[in-house]
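Got your viewer open? Load the model shown here and set it to a cartoon view, with side chains ready to switch on.

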Amino acid sequence: MITRELREAIGRAVAVSGLAPAEPGLRPAGGPGRYASSVAFELGENPREIAGRLASWLAREPWIAQADVTGPGYLTITVTPGTLTALADRIAEAGPASASSDALRGVTLSAPPAADPLAAATWEEARAALAAELTARLAAAAGATLSAPHCPERTVAPPPAISPSPAAGPDAVRFALARVVPGRPVLIDPEIIARHLPDNPAYAVRYAHARAASGVRWAATPGGAEAVPRRPPADPGERVLLDALSWLPERVAVAARRGRPDEFARYLEELASVTIATLSSPSYPGSARAPGSDRLALARAAQAGLAAGLELLGVSAPDRM
């Protein structure tokens with residue numbers, strides 16, 4: 001959610017500087033809680049001078065620790081440690097809204113019909129239909145307006161050629177298709193996407209949500225949350241996870257703008273990997289070894305963030321796997 005506030009803060013700084021609105025162009029800046037913006041390159045012939053003016057305005061925000069000009073005119077913004085720490089509770093409370101923003105406000109798209117990948121004649125056809133549906137879903141979450149879907153005349157479709165393994169299920173099929181890069185062959189092996197293995201993205205992201213949910217359940221058991229003291233997240237793994245969660249609304253907006261839901265699916269894979277690594281350490285609720293700190297808020301945030309992302313892909317987020 002921090003990226004959503006950064007987008008808004010940069011917009012305010014641009015406005016008070018008397019400049020025309022421009023896309024912030026946010027990207028990671030080499031460490032948790034650090035963000036870079038290329039907005040100054042869109043605003044004039046002297047990006048460094050413009051970036052300096054914007055940095056002076058941004059530095060006045062109480063939740064921004066530092067705003068600097070780097071390179072030929074990039075803005076590099078560092079949020080306060082408290083801002084990054086507070087993100088856990090904010091995402092847990094926001095739930096699905098943690099993925100939303102107004103980045104695409106004013107954009108209108110035609111809503112395509114809901115895709116049924118298993119009814120398609122080929123994997124390529126299934127991917128194309130699903131990509132159109134997911135782009136619209138992501139755009140709506142980023143503030144775009146969806147018009148009524150166009151319903152073409154019904155024709156007799158050929159019988160489906162897709163025969164996924166019964167073990168794979170629609171969730172595995174949707175996620176596997178969502179992550180396919182456009183323009184590349186669609187190589188879906190139903191037996192592989194049905195496997196319950198960490199290197200299977202169709203399983204790993206949903207498992208990460210279940211792992212976070214187990215931490216939340218552990219804290220609810222008698223003596224669970226009470227057995228460990230609360231303290232703010234501080235170690236490197238925690239900061240990395242919070243930073244990854246902070247990009248959720250921005251990754252939604254960028255994927256929608258580019259018409260690349262595969263980029264959002266792969267972001268969820270990265271988030272899942274960080275979630276599993278962090279919540280499997282001995283200091284987390286429900287870990288195999290005795291937890292050394294509460295971290296309930298972080299488990300709740302990971303659960304909420306992953307659930308919001310999976311919902312946008314039309315994939316279920318199980319609490320147990």
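What follows is a short tour, stop by stop.

**The whole chain.** Before selecting anything, keep in mind that this is a predicted model. Colour by secondary structure and you should find 11 helices and six strands. The chain has 321 residues, and 50% of them count as buried. For contacts between residues at least 6 apart in sequence, 71% link residues at least 24 apart.

**Stop one: Leu26.** Select Leu26, which sits in strand β1, residues 26-28. Is Leu26 buried or exposed? Its relative accessible area is 9%, so it is buried, the cut-off being under 20%. Now show what touches it. Setting aside neighbours within four places in sequence, Leu26 contacts Thr3, Leu6, Arg7 and Ile10, along with Ala36, Ser37, Trp247 and Glu250. Then add Leu75 to the selection: it is 49 residues away from Leu26 along the chain, yet their C-alpha atoms are 9.3 Å apart.

**Stop two: Trp57 and Arg60.** Switch on these two side chains. Arg60 lies over the face of the Trp57 ring, 4.0 Å from the ring centre.

**Stop three: a pair of tyrosines.** Go on to helix α7, residues 201-220, and pick out Tyr203 and Tyr207. A pair of aromatic rings is described by how far apart the centres are and by the angle of the planes. With centres within 6.5 Å as the rule for pairing, the count comes to four aromatic pairs. One of them is Tyr203 with Tyr207, a stacked pair at 5.6 Å centre to centre with 20 degrees between the planes. Where do the two sit relative to each other in α7? They are four residues apart in the helix, so about one helical turn separates them. Try a surface view next: Tyr203 counts as buried because its relative accessibility is 11%, while Tyr207, at 28%, counts as partly exposed.

**Stop four: two helices side by side.** Finish by selecting helix α8 (residues 236-246) and helix α10 (residues 261-279). Their axes come within 9 Å and cross at roughly 155 degrees. Angles over 145 degrees count as roughly antiparallel, so that is how α8 runs relative to α10. Which residues make the contact? On the α8 side, show Gly237, Glu238, Val240, Leu241, Ala244 and Leu245. On the α10 side, show Tyr267, Leu271, Val274, Thr275 and Thr278. Look at the handedness too: the crossing of α8 and α10 is left-handed.

Note on methods. Residues are numbered from 1 along each chain as its sequence is written. This is a predicted model: local features need pLDDT of at least 70, side-chain atom pairs count only at pLDDT 80 or more; totals for chains, interfaces and linings use all residues. Side-chain values use heavy atoms; hydrogens and water are left out. Rings of Phe, Tyr and Trp (its six-membered ring) pair if their centres lie within 6.5 Å; planes under 30 degrees apart count as stacked, over 60 as edge-to-face and the rest as tilted. Buried means under 20% relative accessible area, exposed over 50%, partly exposed in between (1.4 Å probe, protein chains only). A charge sits over a ring if NZ of Lys or CZ of Arg is within 6 Å of the ring centre and within 35 degrees of the ring normal. Axes are lines fitted to C-alpha atoms, for helices over the stretch in contact, and angles run from 0 to 180 degrees between N-to-C directions. Angles under 35 degrees count as roughly parallel, over 145 as roughly antiparallel, 65 to 115 as roughly perpendicular and the rest as oblique. A crossing is left-handed if the near helix is turned anticlockwise from the far one by less than a right angle, and right-handed if clockwise. Contact means heavy atoms within 4.5 Å.
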